[in-house]
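Biologist: I would like a close look at one helix of this protein and at what surrounds it. Start there, then work outward to the rest.

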Amino acid sequence: MNLITQQILSENEVLEKLRSKRIGLGYRAMFSSYLGGVVTDPALMQIPIDDHLVHRGHGVFDTCTLGNGHLYRLSIHLDRLLQSAELARIDHPWSKTDLAKIITETASISGVQNGSIRYWLSVGPGGFSPSPAECKEACFYCIVFDPVPLGGASNSKLKGIPEATVRGVPMKPPLLAKIKSNNYLLNVLTHMEAVDLGGTFGILVDDDGYVAESCVLNAAFVDKRGVLRTPPFEGILTGTTIQRCMDLAQKQLIPEGLLTGLEQAPVKASDVTGDQISEMFVCGGDTHIYPVTSWDGIQVGQGKVGSVAQRLIELVEGEADRSVQGDRGDYTKVHYKA
Ligand SMILES: Cc1ncc(COP(=O)(O)O)c(C=O)c1O
């Protein structure tokens with residue numbers, strides 16, 4: 001390791017280093033309100049170090065999917081971003097329409113038809129105190145990147161995943177849990193402890209023994225009656241993917257006979273590894289639905305990918321890349337320049 005810290009780098013050396021570290025990462029375009037435009041050179045996709053997003057976590061974010069030249073469900077993601085910004089007391093000048101326009105134009109400049117778009121609203125740069133009073137301008141950043149698996153093995157949707165209860169990481173206090181903020185240390189530690197225990201994303205269980213959520217996913221269950229159940233959004237993030245799964249379950253899986261009903265109701269963790277539950281899955285990020293086949297080493301249901309999760313994966317992925325007909329959800333068309 002090169003430990004020379006006293007070398008003063010020239011502008012060219014900095015750019016060269018940044019370019020050499022950003023090869024092949026699939027970062028296609030980034031908008032920065034701080035710069036007032038879009039860059040397509042990954043070396044230039046940077047956030048100022050004095051932005052309070054970086055050193056205080058005073059920023060919020062969201063992500064949506066770009067499928068076949070359309071932004072999938074941008075509206076619900078922007079509603080949550082704006083709600084998070086309000087709860088985090090970030091004053092900013094952008095309306096939902098403004099943000100949608102910036103995101104759509106960044107997607108257009110990127111030329112990417114299938115990818116992910118992540119965007120951040122922050123109190124902005126200004127110094128290193130905790131007070132946003134020193135920040136001169138709120139900032140919006142938005143990046144288009146190639147799709148990446150969320151974690152676990154690449155075939156985990158087909159095979160199912162093992163999960164583990166995470167006990168060494170506390171749940172967030174409800175205010176923080178409701179804000180999709182840059183304070184994701186507890187989420188990361190949840191994932192890491194789960195992996196240490198032989199799980200994948202980790203399942204948090206509250207003090208009364210009820211399932212809360214996973215590190216960046218909501219949890220859902222099919223009980224013995226054939227009812228799809230997910231915990232209430234109290235003290236956890238209001239997941240957009242689980243909401244879509246519940247909609248699709250109502251509109252398609254019940255009529256198809258795969259389910260008998262839906263419920264947003266508490267789920268006792270001990271019921272899952274008892275015999276009350278026939279299927280479990282975790283879901284998030286628009287299209288990531290992972291069937292859970294074992295929990296803390298105990299088989300869930302038949303220990304196989306269940307028919308409900310399988311059907312939801314098919315429907316959600318098909319919707320996002322626009323390959324299936326049916327209830328088409330919400331799309332924003334990106335107009336690419338020729
Ligand atoms: C803590 C947490 N729970 C649940 C989710 C799932 O939310 P969504 O389905 O909107 O991606 C996320 C997503 O990032 C999350 O961070």
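Modeller: What follows starts at helix α7 and moves outward from there.

Keep in mind that this is a predicted model. Helix α7 covers residues 185–196, which makes 12 residues. From the first C-alpha to the last, α7 reaches 16 Å. That is close to the 16 Å expected at 1.5 Å a residue.

Now the sides of the helix. Which residues of α7 are buried? They are N187, T190, H191 and A194. These four cover an arc of only 95 degrees around the axis, so they sit on the same side of α7. The other side of α7 carries the exposed residues L185, V188 and D196. The cover over the buried residues of α7 includes two strands, β7 (161–163) and β8 (203–205). Just past the end of α7 comes G198, with a positive phi of about 90 degrees.

One buried residue of α7 leads to the ligand. N187 is among the buried residues of α7, and N187 is also one of the residues around the ligand. The others around the ligand are E213, V216, L217, N218, L237, G239, T240, T241, I242, G284 and G285. Which helix gives the largest share of this shell? It is α8 (residues 240–253), with 3 residues. By class, the shell holds 4 nonpolar, 7 polar and 1 charged residues.

G284 and G285 of that shell bring us to D286. This residue sits in the loop between β13 (277–284) and β14 (288–295). Its phi is near 70 degrees, a positive value in a residue other than glycine. Is D286 buried or exposed? D286 counts as buried, because it has 23 C-beta neighbours inside 10 Å, and 20 is enough for that label. On the far side of β14, in the loop between β14 and β15 (298–299), lies D296. Phi of D296 is also positive in a residue other than glycine, near 50 degrees. D296 is partly exposed, because 16 other C-beta atoms lie within 10 Å.

Back to α7, this time to what comes before it. The loop between α6 (174–178) and α7 holds I179. I179 counts as partly exposed, because it has 19 C-beta neighbours inside 10 Å. I179 and T238 are 59 residues apart along the chain, yet their C-alpha atoms are separated by 9.1 Å. What does I179 touch, beyond its neighbours within four places in sequence? Its contacts are V60, S84, L87 and A88.

Those contacts point to the other domain. The domain assignment gives domain 1 (11–145) and domain 2 (156–320). Their C-alpha centres lie 28 Å apart. Across the boundary, 18 residues of domain 1 are in contact with 13 residues of domain 2. On the domain 1 side, β3 (59–67) and α3 (74–87) each supply at least two residues. The largest share of that side, 8 residues, comes from β3. Sorted by class, the side of domain 1 that touches domain 2 has 8 nonpolar, 7 polar and 3 charged residues.

Domain 1 offers a helix to set beside α7. Helix α4 (residues 96–110) has 15 residues and reaches 21 Å from end to end, C-alpha to C-alpha. Here too the span is close to the expected value, 21 Å at 1.5 Å a residue. L99, I103, T106, A107 and S110 of α4 are buried. Seen down the axis, these buried residues fall within an arc of 100 degrees, so they line one face of α4. The face turned away from that buried side carries T97 and D98, both exposed. After α4 comes G111, whose phi is positive, near 75 degrees.

One last stop is A43. A43 lies in the loop between β2 (37–39) and α2 (52–55). A43 counts as partly exposed, because it has 17 C-beta neighbours inside 10 Å. Which residues does A43 touch, not counting those up to four places away in sequence? They are L15, L18, R19 and R22. For R19, the C-alpha to C-alpha distance to A43 is 4.9 Å, although the two are 24 residues apart in sequence.

How values were computed
Residues numbered from 1 in each chain as written. Predicted model: local features only at pLDDT ≥ 70, side-chain atom pairs only at ≥ 80, totals over all residues. Domains from an automatic or database assignment. Contact = placed C-beta atoms within 7 Å. Nonpolar A, V, L, I, M, F, W, Y, C, P; charged D, E, K, R; others polar. Near = placed C-beta within 6 Å. Expected span 1.5 Å × (residues − 1). Buried ≥ 20, exposed ≤ 12 C-beta atoms within 10 Å, placed from the backbone. Arc of directions from axis to C-beta.
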